Amino acid sequence: MPTERTVPEELLRKQYEYIDLIAARNAEAAKTSGRRPRAVAHTFGCQQNFADTERIAGMLSEMGYDLSDDVNDAELILYNTCAVREHAESRALGNVGALTHVKKAHPETVIALCGCMVQQKQVAEKVKKSYPHVDLVFGTHALWRFPELLFRTLAENKRVFDISGDEKGEIAEGLPVLRGKGARAWLSIMYGCNNFCTYCIVPYVRGRERSRCPDAIEKELRELVAAGYKDITLLGQNVNSYGKDLDDQLDFSGLLRRLDAVEGDYLLRFMTSHPKDASPRLFDTMAECRHVAKQLHLPFQSGSDEILARMNRGYTAAHYCELIAYAREKMPDITLSSDIIVGFPGETEEDFQKTLSLVRGVGFDMLYTFLYSKRSGTPAATYPDSASKEEKQGRFDRLLNAQDETVAGRQAAYLGKRLRVLVDGEGKSPEYPFAARTEGGLLVCCAGDGLKTGEFAEVEIDKTTLRCLFAHKIKP
Ligand code: SAH
Ligand code: SF4
Ligand code: F3S
């Protein structure tokens with residue numbers, strides 16, 4: 001199973017030795033304090049970051065920490081940060097700033113930052129200088145060395161910074177993982193991104209594309225299914241380029257088919273797909289694989305070909321629409337979602353109109369809309385910009401209105417329909433006490449005897465709103 005990309009076993013074993021050393025310290029401390037030490041591990045970024053936090057939580061748990069949400073009563077606080085937009089950074093830094101009070105009250109609490117934001121040199125420098133209460137900083141590539149870095153922080157009683165790069169493109173297999181209790185699980189199939197969209201910081205902070213080997217992915221899927229997870233999302237910045245860096249000729253469609261053969265009652269989703277690499281072959285595969293949810297998140301970013309070219313996206317609006325038409329032909333009930341950036345440098349009203357018309361033309365079930373945020377170090381940060389802040393905000397609001405009009409119609413079309421849903425949480429009202437997801441990922445609040453969290457159920461839709469479907473369980 002190991003490839004030349006996999007972190008050698010002896011190096012990983014070293015990390016387990018550090019885990020044991022920290023566990024011994026924690027057991028000793030627990031004798032004095034009368035309780036196990038607590039750790040907070042909070043994610044500020046995307047699902048990929050969340051999956052990383054689950055690995056860190058797994059390591060923390062093996063070190064003898066109990067995971068908690070209370071920063072005022074923790075021996076260790078770790079924030080896993082995001083850099084994708086300025087807002088994500090200011091939110092993370094604001095929260096880090098607020099921890100000065102915690103550090104004052106409990107100087108022994110270790111404060112750690114990791115993830116995409118601190119992988120940027122200038123931000124790590126800023127943290128070093130302006131946030132002296134932060135003890136440990138490590139980037140995305142050092143994640144698997146967390147036990148060693150934490151041990152050094154604790155034992156040497158000094159600040160530790162490791163934001164080294166990833167020239168070798170390493171993948172660490174076999175790290176412990178602590179997952180949530182619900183029915184959903186995240187499964188990373190690849191790391192990094194090679195696309196260099198001109199607005200995006202991700203390739204700079206996550207390194208080059210590297211695919212996990214299919215054996216490791218299948219093994220993890222089997223473990224998840226055996227553990228009872230029923231809604232499993234395969235993760236990568238651009239899953240369609242899975243396997244390009246591996247020798248064994250397996251592309252993403254091939255991987256999906258291989259995973260689909262794993263027995264069990266579960267759904268497989270994946271994100272994110274890139275329109276430049278999504279193909280009819282992928283949609284054929286989706287249609288034919290029984291576990292693969294008929295749901296597609298396919299970000300198009302802009303409806304204007306000029307903007308798409310300047311974004312370095314590698315497709316046109318017409319190509320995007322062709323892909324959608326093919327996907328709908330193969331899977332008429334498919335649920336579609338997308339990401340859009342409003343206010344990219346140089347975007348004119350005419351460009352924006354093209355985005356609006358694509359949104360109206362396709363009819364998405366969900367949209368994630370973002371105002372362009374300048375990221376230093378990316379090419380677009382130097383592009384001239386003419387539209388004012390107010391103009392961009394105006395476009396953003398119009399886009400949301402157009403989307404709401406579409407969604408209202410699409411949601412209403414579900415009235416009276418019978419669907420299979422996966423119950424995965426609490427509903428919005430006593431009348432509909434359960435929350436569930438359709439195969440397409442839509443939120444359904446459900447009522448009815450015998451509904452159980454973590455199980456599939458057949459329901460009939462009673463009413464619909466913009467954000468939620470309401471349903472009752474069909475009696476068997
Ligand atoms: N790899 C995925 C998602 C990357 S980040 C993809 O390619 O689709 C998620 C979304 O954030 C992107 O799709 C994009 O819409 C948005 N985004 C990325 N950089 C941004 C920036 N500088 N400003 C505003 N939105 C941005
Ligand atoms: Fe960023 Fe583009 Fe890569 Fe997505 S595909 S992570 S938007 S560079
Ligand atoms: Fe994700 Fe943010 Fe990093 S979107 S990959 S956590 S920059």
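This is a dialogue on reading some features of a predicted model.

Visitor: How are strands of a sheet held to one another, and which order do the strands of the open six-stranded sheet take here?

Guide: Strands of a sheet pair through backbone hydrogen bonds, either parallel or antiparallel. In this structure an open sheet of six strands runs in the order β2-β1-β3-β4-β5-β6, and its pairing is parallel. β2 (66-67) and β6 (160-162) are the edge strands, each with a single partner, so one side of each has no neighbour in the sheet.

Visitor: How many bridges join β4 to β5?

Guide: Strand β4 (residues 110-115) and strand β5 (residues 136-138) run parallel and are joined by three bridges. For a register to check by eye, Ala 112 stands opposite Leu 136 in β5.

Visitor: Do β15 and β16 run parallel or antiparallel, and what joins them?

Guide: β15 (residues 418-429) and β16 (residues 432-438) pair in the antiparallel sense, over six bridges. The connection is a hairpin of two residues. Gly 425 faces Ala 435 in β16.

Visitor: What does β16 do with β17?

Guide: β16 is joined to strand β17 (residues 443-447) by four bridges, again with an antiparallel run. Ala 436 stands opposite Val 444 in β17. These two strands also form a hairpin, with four residues between them. In that turn, Gly 441 has a positive phi of about 90°.

Visitor: How many aromatic pairs does the structure hold?

Guide: An aromatic pair is read from the distance between ring centres and the angle between ring planes. There are 13 aromatic pairs in this structure. One of them, Phe 300 with Tyr 320, is tilted, at 5.2 Å centre to centre and 50° between the planes. The pair links distant parts of the chain, 20 residues apart: Phe 300 is in the loop between β12 (295-297) and α11 (305-310), and Tyr 320 is in helix α12 (residues 317-330).

Visitor: How many cavities of 30 Å³ or more does a search find, and what lines the largest cavity?

Guide: A cavity is closed to the probe, whereas a pocket is open. The search of the whole structure finds one cavity of 30 Å³ or more. The largest cavity holds about 60 Å³ of space. Its lining includes Ala 51, Asp 52, Trp 186, Tyr 191 and Glu 220. Both α2 and β7 (184-188) give two or more residues to this lining, and α2 has the largest share, with four residues. By class, the lining has five nonpolar, one polar and five charged residues. Domain 1 (9-162) and domain 2 (181-293) each contribute at least three residues to it.

Visitor: Which residues lie nearest the centre of the second largest pocket?

Guide: Ile 171, Ala 172, Glu 173, Gly 174 and Leu 175 do, out of 38 lining residues. The pocket holds about 790 Å³ of space. Elements that each supply at least two residues of its lining are α1 (9-33), α2 (47-62), β9 (210-211) and α8 (214-226). The lining has 16 nonpolar, seven polar and 15 charged residues. At least three residues come from each of domain 1 (9-162) and domain 2 (181-293).

Visitor: Which residues surround ligand 2 and ligand 3?

Guide: Around ligand 2, the shell includes Cys 193, Cys 197, Cys 200, Gln 237, His 274 and Arg 313. Its residues divide into seven nonpolar, three polar and one charged. Around ligand 3 are Gly 45, Cys 46, Asn 49, Cys 82, Ala 83, Val 84, Cys 116, Arg 206 and Gln 237. By class, this second shell has five nonpolar, three polar and one charged residues. Gln 237 appears in both shells.

Conventions: Residues numbered from 1 in each chain as written. Chains lettered and ligands numbered in written order. Predicted model: local features only at pLDDT ≥ 70, side-chain atom pairs only at ≥ 80, totals over all residues. Heavy atoms only, no water. Near = heavy atom within 4 Å. Nonpolar A, V, L, I, M, F, W, Y, C, P; charged D, E, K, R; others polar. 1 Å grid on protein atoms, 1.4 Å probe; cavity = no way out; pocket = protein on both sides within 12 Å on 5 of 7 lines; lining within 4 Å. Points joined across faces, edges and corners; volume = space filled by probe spheres on them. Domains from an automatic or database assignment. Pairing = 2+ DSSP bridges. Phe/Tyr/Trp six-rings, centres within 6.5 Å; stacked < 30°, edge-to-face > 60°.
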